[in-house]
Amino acid sequence: MTTSPLLDAYRLTEEPKWHPTGEEVAQFTAAYSVRLPVMLKGPTGCGKTRFVEHMASRLDRPLVTVSCHEDMTASDLVGRYLLGPDGTIWQDGPLTLAVRHGGICYLDEIVEARQDTTVIIHALTDDRRILPLEKKGELVRAHPDFQLVISYNPGYQSVLKDLKESTKQRFCALDFDYPVAEIETSIVASEADIPTSTAAVLVKIGEKSRNLRGQGLSEGASTRMLIHTGRLMQQGLTLPEACRLAMITPITDDPDMRAALEAAVDACS
Amino acid sequence: MPVADMAAAAPNTLVQAATRSAFPGHTLTEFLAAHDRLTKAGYGVAVPRSFRQAAPDVSRLVGTDQALALAPAASRIAIRSSPRTAAVFLDLAVPMSRRLGTPQAFSSWVQLVISLVNAAPESVEPLLARAEMLDERLGLDGLKAWVQSGLRLGGGDERKRQQYFSLEMTEAQRLLERYAGEETFQSLESELRAGHRALWGRMPPLREALPLGKGHAELRASFGGGVVQLPASFSGYRGRERSVYKAALAHIGAHMAYGGSSFQVGQLKPLQIAVVSLIEDARVEYLAMREMPGLSRLWLPFHDVSPDGMATAPSLFARLARALLDPDFPIRHGWVQKGVTMFTEGIEQIGNPALSRHIGNILGNDLGQTRVQFNARNYVVQPAYRDDNLGLWDLPPEPNAPPQQHQFEINTFDRRETETQDSPQKRKQGQPDQAHDSGVETVTSARVEPSTGRVVAHLPEYDFTAGIERPDWVTVKEYEPGPGDPLFWHKLKERQAVLLARIGEMVRAASLGRARRLKRQAEGGALDLDATIEAAIKLRSGQTPDQNVYEGVSRPERSIAVHLLLDISQSTEDPVEAAGASVISLLREASAILAHAMDRLGDPLAITAFSSDGRDDLRVVHVKRFEDELTPLTGMALSGLRAGYSTRIGAAIRYAGAKLAKIPCHRRLVLVVTDGEPSDVDVSDPDYLAMDAKRAVQSLNASGIDVFCIALGHAAGQRHGEIFSRRGFLQLDRLDALPTKLPALYLRMAR
């Protein structure tokens with residue numbers, strides 16, 4: 001079955017690079033082939049979004065990404081009536097678009113959205129695979145190619161922000177974490193285009209910063225941060241400068257934590 | 001005979017040439033006059049003689065004015081203390097002026113001595129006896145702080161002060177260490193802690209080591225028994241404190257990461273033990289630097305021994321230590337060369353601690369056969385950042401070893417916490433448990449004496465009879481809570497498990513809040529039907545429609561900060577009939593439960609307990625400040641609250657209001673929990689404090705801070721309605737309901 005051209009804008013033109021850290025590609029493919037919804041768990045900047053993009057491109061599906069936030073309502077997902085010159089017009093939301101036309105809908109950081117918003121995906125994620133558009137009085141049956149992927153960072157959310165049990169139980173879940181040093185080094189080296197030896201130092205610094213997770217930092221430096229640092233070094237900044245610019249200063253304002261991170265940079269370089 | 005005449009009459013006998021050159025022009029006359037006064041004052045011969053000898057040199061070193069000022073100072077000391085002390089002071093003037101160098105510094109040193117002679121005449125002599133050492137260690141500012149601490153600590157007790165200033169009191173030594181540096185263990189502690197955790201991924205309990213003996217003892221870091229102890233200061237590293245602490249902690253980190261189980265002493269001689277330790281130091285540093293090459297920049301600067309010189313044991317040790325770390329260090333001694341060669345040859349087994357023992361044994365033997373003397377008793381590990389090596393060896397416990405911790409209770413608790421802190425369930429974010437290990441570790445062995453208060457603020461008070469607000473009338477002093485129960489949270493969780501769970505549910509429900517529907521919005525999730533119809537009608541009738549046709553839902557916003565004020569006056573000691581506990585223990589529990597609930601909601605909360613002993617002593621105890629996290633320390637502080645004194649409620653409210661004013665929240669609330677009406681020892685009129693409290697509430701209201709009171713006990717005879725207005729308080733007859741009521745009330749108000 002082919003996808004409607006409506007979603008062409010959401011197709012990835014180039015396959016984003018992905019360095020496998022385990023069996024995640026095969027696992028995701030298996031889940032997709034039976035159209036099971038997938039939940040990606042892991043700290044920020046460890047590659048969840050990149051992985052979805054990679055998989056969408058690999059499976060040749062358009063990818064509709066929605067970054068969830070606290071103010072997001074159900075209408076932001078499914079769509080709403082707008083007022084036009086000749087009365088009201090229904091505008092499909094990103095989720096409805098993917099459901100109708102067969103894309104992968106990726107709800108990034110789903111716990112940021114309020115719980116009453118997220119329940120609308122319930123009927124989509126069990127064997128009914130339908131999306132009721134209450135306001136419009138329409139029942140959208142999911143396109144056979146449609147799949148829902150959500151991501152979720154169990155780390156920094158407070159106790160108040162968690163998925164409902166009924167939501168959780170609908171998903172398969174893949175656990176992501178920062179890759180082991182060797183793989184992370186090759187990722188940083190290739191993404192930032194820096195020598196492996198330099199990347200190894202960056203990764204070591206990253207590891208040190210992750211030691212402070214929950215001890216003053218809510219998260220350590222992510223792979224993404226390490227790549228950014230590497231890119232800055234590629235621009236001619238020294239390692240301490242780049243670390244300060246892309247890692248230490250963004251991550252914390254606490255002088256003790258900064259001093260600790262500076263010490264880590266100092267010790268590793 | 002006039003002084004000028006005297007100078008003129010006997011210029012050559014009385015005044016030596018040196019003195020003349022030191023006091024040019026008319027200052028010579030002044031000098032002679034000062035000398036004359038000292039001579040005639042009847043202090044004996046020593047004082048004028050010392051003055052005569054000291055003044056010229058002082059004049060040359062820090063100026064004529066300072067030299068002349070010595071005379072009145074000496075006079076003052078002679079009168080208040082004794083002429084002998086004055087002579088000692090004058091004899092010290094020359095070395096001190098040389099030491100301090102500038103007139104300003106010298107003058108403030110003299111001022112310090114004078115202020116001490118005024119406050120504690122008996123302590124001047126012991127202070128002067130150690131003046132040079134104290135200056136060496138503390139510098140002028142540190143000395144000032146140290147002297148002031150001594151005065152505060154000694155209070156009116158002459159003997160205590162004397163003990164302090166002659167360094168016979170442990171506290172005096174501890175404070176000496178504390179002030180002996182710009183950066184001390186205390187000021188660097190949290191940074192060090194975080195840095196260590198970053199580098200090594202763990203943080204063993206960290207303590208400030210107690211000083212060993214009098215004054216000079218050179219203390220090293222230590223890590224025996226799983227507890228890392230760092231000296232309160234490193235002498236001789238003024239301005240480099242941060243690096244030396246970092247280096248010391250990194251070194252210990254290396255030991256802990258790469259060391260094996262402790263070495264058996266067996267038949268080893270002290271010399272061999274020292275050499276084995278040295279090799280082991282180098283071995284773990286080598287491994288650490290292989291992992292983190294930047295550490296060499298931290299460690300190397302402390303190795304400053306030169307390659308040549310007398311082949312004494314300390315020098316050879318330092319050279320070997322440097323040679324093993326620094327490949328560019330020239331080796332000019334056979335023994336050092338042998339050590340380096342063996343170390344290099346053994347590099348393949350570098351991961352094995354047995355290597356250190358092997359090399360150390362041989363090198364120790366070699367050295368033992370030469371004439372090089374090794375004195376185990378006064379051997380101190382060099383360079384300063386390295387630890388005392390006691391952690392490396394399986395040493396039999398010293399029977400007479402002094403306790404290294406003041407509070408064993410805390411100590412054992414720490415260990416327990418450290419063992420469990422890495423377990424996965426505790427790693428979860430945002431849970432109160434999370435704070436445990438970081439919080440507990442900050443307990444240092446040193447605690448401020450609970451009986452001394454620190455003045456933190458002066459507050460006005462309202463006198464209703466005069467109708468004026470007297471500025472700076474009440475002095476607020478901050479006190480440390482008494483020793484608390486480290487297992488407070490633990491016990492609370494056991495005792496109140498059901499209640500805590502229920503409040504957890506309430507918090508969850510409350511945090512969802514109720515969303516409000518917003519009509520006629522410019523944007524929103526859905527069309528507002530009424531507005532849409534109106535707009536459609538306008539459109540069709542050719543008019544311009546209103547664009548605001550959407551409706552949205554407002555998010556319930558939480559922005560509330562609470563300052564909880566606990567009345568811990570004497571009456572709270574009374575038992576509550578029904579519960580069988582005292583009021584204060586119910587207060588503790590109720591505030592703990594509230595703090596727990598608010599912490600989960602993420603609302604800022606401060607808890608301050610107060611009582612008063614006259615207007616000069618509004619006693620506040622900070623159980624939790626706004627910036628503090630909820631940790632076991634909070635529990636300890638709560639359980640450490642002791643009832644006593646009276647209730648000057650108005651001042652406490654003002655104090656809480658002032659703290660709260662700085663918190664950027666939409667709603668700010670002072671929540672007072674009290675069991676009686678205001679009273680204090682220095683006020684007889686019962687209306688006075690009530691009216692003042694009323695005024696305080698009003699002024700807080702005017703600045704947008706709400707005050708709410710929970711009045712405990714029977715309403716009879718209480719005036720809370722008057723003070724807090726009728727809607728501003730809640731009478732709670734059944735005191736045992738307090739732990740339940742307080743969070744519930746809060747949630748209702750915070751909605």
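This is a chat about a predicted model with chains A and B.

Q: How many helices and strands does chain A have?
A: Chain A has twelve helices and nine strands.

Q: And chain B?
A: Chain B has 31 helices and 15 strands.

Q: What share of each chain is buried?
A: In chain A, 53% of the 269 residues count as buried. In chain B, buried residues make up 53% of 751.

Q: What about accessible surface?
A: Chain A comes to about 11,800 Å², with 51% of that belonging to carbon and sulfur atoms. For chain B the figure is about 33,800 Å², and carbon and sulfur atoms hold 51% of it.

Q: How much of the contact set is long-range, say 24 or more positions apart?
A: Take contacts with a separation of 6 or more. Residues 24 or more positions apart account for 71% of them in chain A. In chain B they account for 70%.

Q: On to the interface. How many residues of each chain are in contact?
A: 34 residues of chain A touch 37 residues of chain B.

Q: And how much area do the two chains bury?
A: About 3,000 Å² between them. Of that, 55% is on carbon and sulfur atoms.

Q: Why quote an area at all?
A: Interface size is often given as the accessible area lost when the parts come together.

Q: How many salt bridges cross between chain A and chain B?
A: One. Arg297(B) pairs with Asp266(A), and their closest N and O atoms are 3.6 Å apart.

Q: How many residue pairs are in polar contact there?
A: Nine, counting pairs with both residues at pLDDT 80 or more.

Q: Which elements of chain A supply the side that touches chain B?
A: Strand 3 (79-84), helix 9 (196-210) and helix 12 (255-268) of chain A each supply at least two residues.

Q: Which of chain A's elements gives the most?
A: Helix 12 of chain A, with nine residues.

Q: Chain B has a helix 12 too. How many of its residues are buried?
A: Eight of ten. Helix 12 of chain B spans residues 170-179 and is mostly covered.

Q: Which residues are the buried ones in helix 12 of chain B?
A: Glu171(B), Ala172(B), Gln173(B), Arg174(B), Leu175(B), Leu176(B), Glu177(B) and Arg178(B).

Q: What do they pack against?
A: Three helices and a strand of chain B: helix 10 (131-154), helix 11 (158-165), helix 13 (185-200) and strand 1 (206-208).

Q: What is there in the loop between helix 11 and helix 12 of chain B?
A: Leu167(B) is found there. Its phi is near 60°, a positive value in a residue other than glycine.

Q: Is Leu167(B) buried or exposed?
A: Leu167(B) counts as buried because its relative accessible area is 3%, and the cut-off is under 20%.

Q: Which residue of chain A has a positive phi?
A: Glu109(A), with phi near 50°. Glu109(A) lies in the loop between strand 5 (104-108) and helix 5 (115-118) of chain A. Glu109(A) is buried too, with a relative accessible area of 14%.

Q: Why flag a positive phi?
A: Most residues other than glycine have a negative phi. Most peptide bonds are also trans.

Q: Where is there a cis peptide bond?
A: Between Gln382(B) and Pro383(B), with omega about -10°. Pro383(B) sits in the loop between helix 19 (354-369) and strand 4 (393-394) of chain B.

Q: New topic: His622(B). Where is it?
A: His622(B) is in strand 12 (residues 618-624) of chain B. It is buried, at 10% relative accessible area.

Q: What does the His622(B) side chain join in a polar contact?
A: The side chain of Tyr655(B), at 2.8 Å.

Q: Which other residues is His622(B) in contact with?
A: Outside its neighbours within four places in sequence, the contacts besides Tyr655(B) are Glu478(B), Tyr479(B), Ile607(B), Thr608(B) and Lys659(B).

Q: Last one. Which residues form a nonpolar patch on the surface?
A: Leu529(B), Ile533(B) and Ile537(B), with about 320 Å² of accessible area together.

Q: Where does Ile533(B) sit?
A: In helix 25 (residues 529-540) of chain B. Ile533(B) is partly exposed, at 48% relative accessible area.

Q: Why might residues spaced along a helix share a side?
A: An α-helix has 3.6 residues a turn, so residues three or four places apart point the same way.

Conventions
Residues numbered from 1 in each chain as written. Chains lettered and ligands numbered in written order. Heavy atoms only, no water. Patch = residues over 30% accessible without salt bridge, like charges linked within 9 Å, V, L, I, M, F, W, Y side chains within 5 Å. Areas by Shrake-Rupley, 256 points an atom, 1.4 Å probe, with all protein chains shown as cover. Salt bridge = Lys/Arg side-chain N within 4 Å of Asp/Glu carboxyl O. Helix = DSSP H or I, 4+ residues; strand = E, 2+ residues; numbered from the N terminus. Buried < 20%, exposed > 50% of the residue type's maximum accessible area, 1.4 Å probe, protein only. Contact = heavy atoms within 4.5 Å. Buried area = accessible area lost by both parts, 1.4 Å probe. Polar contact = N/O pair within 3.5 Å; in protein donor to acceptor, adjacent residues only side chain to side chain.
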